[in-house]
Amino acid sequence: MPNTEAKSAEKFTNFTPYEPAKGEEYMSAGQLEHFKQILLNWKQELMEEVDRTMHHMQEDAANYADPSDRATQEEEFSLELRTRDRERKLIKKIDQTIELIDREDYGYCDSCGVEIGIRRLEARPTATLCIDCKTLAEIKEKQTGI
Ligand SMILES: [Zn+2]
């Protein structure tokens, strides 16, 4: 059975870290372009992954006649459907982030307005909160139990 976790594209690392020039301002045209490329490549990778899963499911569906095989297969399918659902949500989030870049509204914390930072954005290109606000939000989440 193929390991679906291993080829998960939920984290994108296939890029060269951006080195700002001396005195370069935060979210310069070059930086916006850098992050747009990361997001576009990441989206491309995710779409290919969704295609592969679809194809794999269609191929497999025809190959099982035995009911116990089918049960195993259904489990496998529901796992793949969940993965695809996550990927689809991620693609939507990437699209929204690309819109932010196009509006030059990218890279600042939604909550407090501070610069999120190039390294944090490279680790999490769809981040909309700075590390402090994110940590705070996670603590609140745990407290309310959502
Ligand atoms: Zn913040």
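The term pLDDT denotes the predictor's confidence in each residue, on a scale from 0 to 100. The exercises below concern a predicted model.

**Exercise 1. Confidence**

Determine what the mean pLDDT of the protein chain is, and where the pLDDT falls below 50.

*Solution.*
Step 1. The mean pLDDT of the protein chain is 87, and 88% of its residues reach 70 or more.
Step 2. Over residues 1-8, however, the pLDDT is below 50. Beyond near neighbours in sequence, this stretch has 6 contacts in the model.
Step 3. Where pLDDT is low, predicted coordinates should not be read in detail.

**Exercise 2. Overall architecture**

State how many helices and strands the protein chain has, and what share of its residues is buried.

*Solution.*
Step 1. The secondary structure comes to 4 helices and 0 strands. Read from the N terminus, the order of elements is α-α-α-α.
Step 2. Of the 146 residues of the protein chain, 33% count as buried.
Step 3. Among contacts with a separation of 6 or more, 61% are made by residues 24 or more positions apart.

**Exercise 3. The nonpolar core**

Identify which elements give two or more residues to the largest nonpolar core.

*Solution.*
Step 1. The largest nonpolar core has 26 residues, and those with the most contacts inside it are Met27, Phe35, Trp42, Tyr106 and Leu121.
Step 2. Helix 1 (29-61), helix 2 (67-102) and helix 3 each give two or more residues to this core. Helix 1 gives the most, with 7 residues.
Step 3. Leu121 may serve as an example. Leaving aside its neighbours within four places in sequence, Leu121 is in contact with residues including Met27, Phe35 and Tyr106.

**Exercise 4. Salt bridges within helices**

For the pairs Glu49 and Arg52, Asp85 and Lys89, and Glu122 and Arg119, explain what separates the partners along the helix.

*Solution.*
Step 1. Side chains of opposite charge can pair when their charged atoms come close. The count for this structure comes to 8 salt bridges.
Step 2. Glu49 and Arg52 meet at 2.8 Å, N to O. They are separated by about one helical turn, because they are 3 residues apart in helix 1. Glu49 is buried, with a relative accessible area of 5%, whereas Arg52 is partly exposed at 44%.
Step 3. In the salt bridge of Asp85 with Lys89, the closest N and O atoms are 3.2 Å apart. These residues are 4 residues apart in helix 2, so about one helical turn separates them. Asp85 is partly exposed at 33%, and Lys89 is exposed at 57%.
Step 4. The side chains of Glu122 and Arg119 meet at 2.7 Å, N to O. Being 3 residues apart in helix 3, they too are separated by about one helical turn. Glu122 is buried, at 6%, while Arg119 is partly exposed, at 44%.
Step 5. Glu19, Arg119 and Glu122 are linked in a network of salt bridges.

**Exercise 5. A charged residue without a partner**

Establish how far Arg120 is from the nearest side chain of opposite charge, and which residues Arg120 contacts.

*Solution.*
Step 1. Arg120 lies in helix 3 (residues 118-123) and is buried.
Step 2. The nearest side chain of opposite charge, Glu138, is 7.3 Å away. A salt bridge requires the nitrogen and oxygen atoms to be within 4 Å, and Arg120 has no salt bridge.
Step 3. Leaving aside neighbours within four places in sequence, Arg120 is in contact with Ala127, Leu129, Cys130, Ile131 and Lys134. Of these, Cys130 is buried, with a relative accessible area of 6%.

How values were computed
Residues numbered from 1 in each chain as written. Predicted model: local features only at pLDDT ≥ 70, side-chain atom pairs only at ≥ 80, totals over all residues. Heavy atoms only, no water. Buried < 20%, exposed > 50% of the residue type's maximum accessible area, 1.4 Å probe, protein only. Lys, Arg positive; Asp, Glu negative; His and termini not counted. Contact = heavy atoms within 4.5 Å. Core = buried A, V, L, I, M, F, W, Y, C linked by side-chain atoms within 4.5 Å.
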